[in-house]
Amino acid sequence: MKRVVSVSLGSSKRDHAFETDFMGQAFRIERIGTDGDWDKAINLIRELDGKVDAFGMGGIDLYVHLAGKPYIIKDAQRLVAEARKTPMVDGSGLKNTLERKCVMDIQKDGIMDLRGKNVLMVCAVDRFGMAEAFEEVGARLTLGDFIYTVGIPLPLHSLNTLKIAGRIAAPFVVRMPFDKIYPTGKQQEVIIPKHSKYYYKADILAGDFNYIRRYLPDKLNGQTIITNTTTSDDMKLLKQRGIKRVITTTPDMGGRSFGTNVIEALMVAIMQRPLNQIAPQDYYNMLKELNMKPGVVDLERLDA
């Protein structure tokens with residue numbers, strides 16, 4: 001049995017482990033949160049290095065890809081450097097492909113007509129492929145990168161504007177302490193409604209779940225969320241706060257959806273090749289073989 005472990009800077013309350021069959025192979029998948037403790041995360045990687053088949057890096061990305069250009073997040077390098085024997089991935093190898101496909105599938109398969117819908121992406125630079133897909137199908141974008149990430153009340157409404165502004169800001173932002181720009185550890189348990197008018201105006205809230213949750217208003221009015229990693233407790237919270245439906249870019253696995261770092265780690269464990277020998281086309285081919293579809297949860301039917 002192969003073993004994949006996602007080492008996350010996020011809350012340990014979101015930990016989960018289960019066994020499954022993935023592409024004909026037996027896997028044990030574990031998500032271990034370190035509550036924002038960098039030393040704990042580093043020691044865990046050191047302890048498991050060479051003993052597991054692949055690491056996922058959760059709660060932080062190694063790269064932010066902006067219009068095809070990667071920007072390395074300085075703090076993330078500290079974690080990757082500790083994985084000397086076992087490959088470690090952050091999900092960026094397939095994130096844009098998988099999440100773009102999810103949006104296109106939602107439209108193509110009639111799950112939801114996205115044309116003309118108001119979409120708030122609390123942070124789009126880490127979900128650029130998803131943002132491009134929304135724009136391609138005719139949704140109306142509000143990009144909250146400056147509002148929610150760096151605290152500047154400047155909504156953006158086009159990817160071209162984000163590209164220009166992002167290229168100026170990205171070299172400085174990726175050098176900031178990561179917990180200043182993204183909720184880690186116990187910060188993920190705290191909700192601070194902020195600039196709520198953008199949430200109220202949106203038909204769809206999209207992107208990273210921890211960003212969406214962090215600034216979630218007390219009561220919304222039937223919005224849909226399109227996101228990545230959710231637990232059963234998250235679903236209960238979202239129902240209480242007035243969300244109508246949740247669509248996840250990754251399918252349900254053992255009662256929750258996992259992040260793209262876990263899916264990429266599963267693929268790497270199956271391919272058994274050095275990371276520098278795995279091309280984007282390899283991930284794309286595997287996604288086609290899997291025919292992975294969005295997970296859809298109607299919260300109006302969810303037991304309270």
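**Packing of helices α3 and α4, and the salt bridges around them**

Helix α3, spanning residues 95-108, packs against helix α4, residues 128-137, at an angle of about 25°, and their axes lie 7 Å apart. Because angles under 35 degrees count as roughly parallel, α3 is described as roughly parallel to α4. The crossing of these two helices is right-handed. As the model is predicted, each value here is computed from its coordinates.

The residues that build this contact can be followed along both helices. On the α3 side, Asn96, Glu99, Arg100, Val103, Met104 and Gln107 take part. On the α4 side, the contact is made by Phe128, Gly129, Met130, Glu132, Ala133, Phe134, Glu136 and Val137. Sorted by class, the contact of α3 with α4 comprises seven nonpolar, three polar and four charged residues. Arg100, Glu132 and Glu136 are among the residues in the contact, and these three side chains reappear in the salt bridges described next.

A search of the whole structure for salt bridges finds 20 of them. In one, the side chain of Arg100 meets that of Glu132, with an N to O distance of 2.5 Å. This pair links distant parts of the chain, since Arg100 sits in helix α3 and Glu132 in helix α4, 32 residues apart. Arg100 counts as partly exposed because its relative accessibility is 27%, and Glu132, at 28%, likewise counts as partly exposed.

Arg100 also forms a salt bridge with Glu136, here at 3.3 Å from N to O. Again the pair links distant parts of the chain, with Arg100 in helix α3 and Glu136 in helix α4, 36 residues apart. Glu136 has a relative accessibility of 54% and therefore counts as exposed. Arg100 of α3 is thus bridged to Glu132 and to Glu136 of α4.

Elsewhere in the chain, the side chains of Asp298 and Arg301 meet in a salt bridge of 3.6 Å, N to O. Asp298 is partly exposed, with a relative accessible area of 29%, whereas Arg301 is exposed, at 71%. In addition, salt bridges that share partners join Lys101, Asp105, Lys108, Asp109 and Lys293 into one network.

Turning to the backbone, two loop residues are worth a look. Met23 has a phi near 55°, a positive value in a residue other than glycine. Met23 is placed in the loop between strand β2 (16-22) and strand β3 (25-33). With a relative accessible area of 27%, Met23 is partly exposed.

Gln272 provides another case: phi is positive here, at about 55°, although the residue is not a glycine. Gln272 lies in the loop that runs between helix α10 (260-271) and helix α11 (280-290). At 60% relative accessibility, Gln272 counts as exposed, whereas Met23 is partly exposed.

Definitions and conventions. Residues numbered from 1 in each chain as written. Predicted model: local features only at pLDDT ≥ 70, side-chain atom pairs only at ≥ 80, totals over all residues. Heavy atoms only, no water. Axes fitted to C-alpha atoms, helices over the stretch in contact; angles between N-to-C directions. Helix = DSSP H or I, 4+ residues; strand = E, 2+ residues; numbered from the N terminus. Parallel < 35°, antiparallel > 145°, perpendicular 65-115°, else oblique. Left-handed = near helix turned anticlockwise from the far one by under 90°. Contact = heavy atoms within 4.5 Å. Nonpolar A, V, L, I, M, F, W, Y, C, P; charged D, E, K, R; others polar. Salt bridge = Lys/Arg side-chain N within 4 Å of Asp/Glu carboxyl O. Buried < 20%, exposed > 50% of the residue type's maximum accessible area, 1.4 Å probe, protein only.
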